[in-house]
Amino acid sequence: MTITPVDSKNDLFFVEEIYTPEILMQIAEIDHLQSDCEIQDLQEHHPRQKIKHSKLIYKQINEYVQNLNWKIQSAIGMDFNACDTAFWLDLPGFDMQSHLDNDGVYAAMQIYLTENTKPMPTVFYNSDGSIRFEPEYRVNSGYLMLNNMNQWHAMPYTVPDNEYRLTSYTWFWRNE
């Protein structure tokens with residue numbers, strides 16, 4: 001696992017190789033379109049589904065990330081008291097305009113889990129609208145962000161027909 005700050009602000013990080021090859025192989029073997037899903041809260045108007053932890057691998061990944069929590073804390077110099085990982089299935093037509101996350105999220109980590117015909121990373125912006133960071137889009141990479149009022153981000157690329165974007169999304173809660 002490698003976690004690297006993207007700049008001197010130290011509130012946005014590029015994450016690589018968080019999952020083991022065994023976990024990635026198990027993920028690749030699943031037909032995620034057949035998974036038991038629900039609508040993600042506050043995203044009802046987007047073609048995105050939250051996969052329920054109905055398959056063993058989803059539960060195992062959630063536990064795996066919870067067990068990595070102390071390593072993640074050490075890598076970024078922050079304390080969290082808990083984390084929870086979900087899986088987002090972004091369907092054809094999905095994109096998302098620039099936005100801030102709700103203030104109930106202290107930090108979040110999104111890891112890309114599918115290869116696609118075109119890159120579809122989450123892009124981060126400076127307050128003037130210029131691009132701050134666009135992570136390389138590849139399996140087992142992504143970002144970790146500390147949520148704040150300057151953490152503007154979007155998924156400006158539309159998921160093409162006959163494809164989907166699968167990501168793990170981990171919420172972190174901080175000891176106050």
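The chain holds two helices and 12 strands. Helices (H or I, at least four residues) and strands (E, at least two) are DSSP runs, numbered from the N terminus. In sequence order the pattern reads β-β-α-β-β-α-β-β-β-β-β-β-β-β.

This is a predicted model, in which local features need pLDDT of at least 70 and side-chain atom pairs count only at pLDDT 80 or more, while totals for chains, interfaces and linings use all residues. Residues are numbered from 1 along each chain as its sequence is written, and side-chain values use heavy atoms, with hydrogens and water left out.

**Overall shape and surface**

A compact globule of 176 residues would have a radius of gyration near 16 Å; the chain has 15 Å, which agrees. That radius is taken over C-alpha atoms, and the globule rule is 2.2 Å times the number of residues to the power 0.38. The C-alpha trace spans about 40 × 35 × 25 Å along its principal axes.

Of the 176 residues, 49% count as buried. Buried means under 20% relative accessible area, exposed means over 50%, and partly exposed lies in between (1.4 Å probe, protein chains only). The accessible surface comes to about 8800 Å², with 48% of it belonging to carbon and sulfur atoms. Areas come from the Shrake-Rupley method with a 1.4 Å probe; for residues, only the protein chains shown count as cover.

Contacts (heavy atoms within 4.5 Å) reach far along the sequence. Among those between residues at least 6 apart, 79% join residues at least 24 apart.

**Charges and salt bridges**

The chain carries 12 positive and 25 negative side chains, and the centres of the two sets lie 2 Å apart. Lys and Arg count as positive, Asp and Glu as negative; His and the chain ends are not counted. Each charge is placed at NZ of Lys, CZ of Arg, CG of Asp or CD of Glu.

A search of the whole structure finds six salt bridges. The criterion is a side-chain nitrogen of Lys or Arg within 4 Å of a carboxyl oxygen of Asp or Glu. Among them are these pairs:

| Acid | Base | Closest N and O atoms |
|---|---|---|
| D11 | R132 | 2.6 Å |
| E16 | R138 | 2.4 Å |
| D90 | R165 | 2.9 Å |

D11 forms a salt bridge with R132. D11 lies in the loop between β1 (2–5) and β2 (12–16) and R132 in strand β9 (residues 131–133), so the pair ties together parts 121 residues apart in sequence. D11 is buried at 11% relative accessibility. R132 is buried too, at 15%.

E16 forms a salt bridge with R138. E16 sits in strand β2 and R138 in the loop between β9 and β10 (141–146), 122 residues apart. E16 is buried at 19% relative accessible area, whereas R138 is partly exposed at 24%.

D90 forms a salt bridge with R165. D90 belongs to strand β5 (residues 80–90) and R165 to strand β12 (residues 165–174), so the pair ties together parts 75 residues apart in sequence. D90 is buried at 0% relative accessibility. R165 is buried as well, at 0%. Salt bridges that share partners join E16, E17, E136 and R138 into one network.

**Around Q110**

Q110 is found in strand β7 (residues 107–112). Its relative accessibility is 2%, so Q110 counts as buried. Q110 and Y169 are 59 residues apart in sequence, yet 4.5 Å apart in space, C-alpha to C-alpha. Leaving aside residues up to four places away in sequence, Q110 touches residues including R48, W88, T122, Y143, R165 and Y169.
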